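Okay, thanks everyone, let's get going. I'd like to walk you through one structure today, and I'll start in the middle and work outwards.

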Amino acid sequence: RFLIALNIPFVMLAFNEFGKKFVLMALYSVLILALFVNIFQKVPVITDDLLLAALFGGGILGTGVGIVLKNNACMDGTEILAMKVSKKYPYSVGEIIMFINVFIFLSAGFLYGWEQAMYSTLTYLVAYRAIDNIVQGLSEEKSIRIISDKGPEIGQAIIENLNKTVTYINAQGGYSKAKKTMVYCVVPRIELYKLKELVISIDESAFLS
């Protein structure tokens, strides 16, 4: 009952910005959350190791929250706040949720002890990564800008060796005023090192961003 009473006002405040469907889905999520919190309170403790509880609990929590957010709903007020803030600032929903909860846990540390607060913070560090992996996907890609006097040569090497498309952009040095060709491409994070090695092998003075 406490979870429902605490979160319903936040859900209703989201009506104007997120719409009727979001509010209905969010209300359903809050009710299911409250139900299962009540059920799992009666389940025997699996482990007394707080570190294991923080790591696995954070992973399970983040996965659940991520699935709910990806399906256009939420489970509590912090997620609604995080979704609103993420639209205005360059931070992911998971990062904002983590920041809010870490602030709460640090404040609670003064009342309930710092060891509990640190384990709780660790839980949400794990949860934030799980949330972002679910919402954004596991295959993170990086956009790369390469400025070099050998731009076309680097671009061709990327096409042939990494099988990636590139875009050439005319650029001019702010200080030197020299004309350069900037190479723009998008690669998976796991291929980032391979791309850097390829660029350096052609032009050691190339600038990558």
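So, look at helix α7 to begin with: the residues buried there are G151, I154, G155, A157, I158 and L162. Now, how are these arranged around the axis? They take up an arc of only 160°, which means they sit on the same side of α7. If you want the background, an α-helix makes a turn every 3.6 residues, so residues three or four places apart point the same way.

What covers that buried side? The cover includes the strands β1 (141-148), β2 (167-172) and β3 (179-188), as well as helix α8 (192-202).

A quick sanity check on the helix itself. α7 runs over residues 151-162, and its 12 residues at 1.5 Å each should span 16 Å; the C-alpha atoms at its two ends are 16 Å apart, so that agrees. Right after α7 comes N163, with a positive phi near 55°.

I should say that this is a predicted model, so let's talk about confidence. The mean pLDDT for the protein is 81, and 91% of the residues get to 70 or more. Which elements have the lowest and highest means? Helix α1 (residues 2-13) is lowest at 68, and our α7 is highest at 90. As a rule, low pLDDT tells you not to read the predicted coordinates in detail.

Okay, on to the sheet. This one is open, with 4 strands in the order β2-β3-β1-β4, and the pairing is antiparallel. The edges belong to β2 and β4 (207-208); each has a single partner strand, so one side of each has no neighbour in the sheet.

Let's go through the pairs. β1 and β3 run antiparallel over 8 bridges, and there you can find K142 opposite V187 of β3. β2 and β3 are antiparallel too, over 6 bridges. In that pair, Y168 faces V183 of β3, I169 is bridged to M182, and Q172 has K179 as its bridge partner. The hairpin joining β2 and β3 has 6 residues between the strands, and K177 in that hairpin has a positive phi near 65°.

Last stop, the nonpolar cores. The largest has 19 residues, and the members touching the most others are F22, V65, L69, C74, V93 and I97. Where do the residues come from? At least two each are supplied by α2 (15-40), α3 (50-70), α4 (77-86), α5 (93-112) and α6 (114-136). The largest share, 5 residues, is from α5.

Zoom in on C74 for a second. Setting aside neighbours within four places in sequence, C74 contacts F22, A26, S29, V68, L69, E79 and I80. And apart from that core there's another one, of 16 residues, including I144, L162, L195 and V199. You've met L162 already, as one of the buried residues of α7, which brings us back to where we started.

That's my tour, happy to take questions.

Notes:
Residues are numbered from 1 along each chain as its sequence is written. This is a predicted model: local features need pLDDT of at least 70, side-chain atom pairs count only at pLDDT 80 or more; totals for chains, interfaces and linings use all residues. Side-chain values use heavy atoms; hydrogens and water are left out. A nonpolar core is a set of buried Ala, Val, Leu, Ile, Met, Phe, Trp, Tyr and Cys residues joined through side-chain atoms within 4.5 Å. Buried means under 20% relative accessible area, exposed over 50%, partly exposed in between (1.4 Å probe, protein chains only). Contact means heavy atoms within 4.5 Å. The expected span of a helix is 1.5 Å times one less than its number of residues. The arc is that of the directions from the helix axis to the C-beta atoms. Two strands pair if DSSP finds at least two bridges between them. pLDDT is the predictor's confidence in each residue, from 0 to 100.
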